[in-house]
Amino acid sequence: MKTRVSRAWLRHALVACVGLGTIAIATEASAAPTPGNKIRGRGGNFGLGLSLGDPLGLSMKYFMAANHALQGDLGFAPLHHGDGRFGLDYLWHPGTFVSNSDLDFLPYLGLGAGMAFWAGRYYYGHGDRRDRCCGGRGGGVAMFIRAPILGLGFHWKKVPLDTMIEGAWSPYIVLPDLRHGDFSIKLRYYF
């Protein structure tokens, strides 16, 4: 019984320390800059580039304000059983946590939605009930959500580029399948 009490106390102390540390760091953070705000005469609030992972393809990001952005992706979806996907996400950047002369480091949170599509018998070609009810064609489309989106961003100050490392739980909500997630690394140039 004494071991149970000490473990519970340790767990509560750890949660309290992490919570207080997060609040302390967040109060020191400044507003998240857009690449256009940091690079005089170059860059802007619209970025276009590549995404590696899921999706593997094109990525765009538009900063509506310093802390709020829309992100769109179009590409191949290796973690979503299919040929491709497209999606639109809302991202919130709470603040810049580390800044130096070369880059700003900022985490972000978000949520989004999209469509995944596949052809042939890749996903539903293994005799399950959905394949039989669709006439055995095997292709299809499914809607998915992305929530929560968790990411780490690097805004480069000397060139109008950002690099993002991002992951999300992304289950299908039409043709329900909760087993999906995605992970990608994005590189965008800002105009």
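Begin by selecting strands β3 and β4 in this predicted model; these two strands pair in the antiparallel sense over eight bridges. Within this pairing, display H68 and then W92 of β4, since the two residues stand opposite each other.

Next, keep β3 (residues 68-76) on display and add β2 (residues 56-63). These strands also run antiparallel, and eight bridges join them. How many residues lie between β2 and β3 in their hairpin? There are four residues between the two strands. To examine one rung of this pairing, select F63 and look for its bridge partner in β3, which is A69.

While the strands are in view, one general point may be kept in mind: in a regular strand, side chains alternate between the two faces of the sheet.

Now turn to the loop between β1 and β2 and select D54. Is D54 buried or exposed? The residue has 0% relative accessibility and therefore counts as buried, as the limit for a buried residue is under 20%. Show the side chain of R85 as well: a polar contact of 3.3 Å joins the side chain of D54 to that of R85. The surroundings of D54 can then be added to the view. Leaving aside residues up to four places away in sequence, D54 touches F76, A77, P78, L79, H80, R85, G181, D182, F183 and S184.

From this loop, move to strand β1 and select F46. In contrast to a buried residue, F46 counts as partly exposed because its relative accessibility is 32%, and the partly exposed class lies between 20% and 50%.

F46 also leads to the next selection, a nonpolar patch on the surface. Select F46, L48, Y62, M64, L70, L88, Y90, W92, L109, L150, Y189 and F191, which together have about 1,100 Å² of accessible area. The elements that each give two or more residues to this patch are β1 (46-53) and β4 (84-92). Which element gives the most to the patch? Strand β4 does, with three residues. W92, already displayed opposite H68, is among the residues of the patch.

Finally, show the whole protein. Its secondary structure comprises three helices and nine strands, which follow the pattern α-α-β-β-β-β-β-β-α-β-β-β along the sequence. Of the 191 residues, 37% are buried. The accessible surface comes to about 10,800 Å², and carbon and sulfur atoms account for 70% of it. Among contacts with a separation of 6 or more, 58% are between residues 24 or more positions apart.

Conventions: Residues numbered from 1 in each chain as written. Predicted model: local features only at pLDDT ≥ 70, side-chain atom pairs only at ≥ 80, totals over all residues. Heavy atoms only, no water. Patch = residues over 30% accessible without salt bridge, like charges linked within 9 Å, V, L, I, M, F, W, Y side chains within 5 Å. Areas by Shrake-Rupley, 256 points an atom, 1.4 Å probe, with all protein chains shown as cover. Salt bridge = Lys/Arg side-chain N within 4 Å of Asp/Glu carboxyl O. Buried < 20%, exposed > 50% of the residue type's maximum accessible area, 1.4 Å probe, protein only. Pairing = 2+ DSSP bridges. Polar contact = N/O pair within 3.5 Å; in protein donor to acceptor, adjacent residues only side chain to side chain. Contact = heavy atoms within 4.5 Å.
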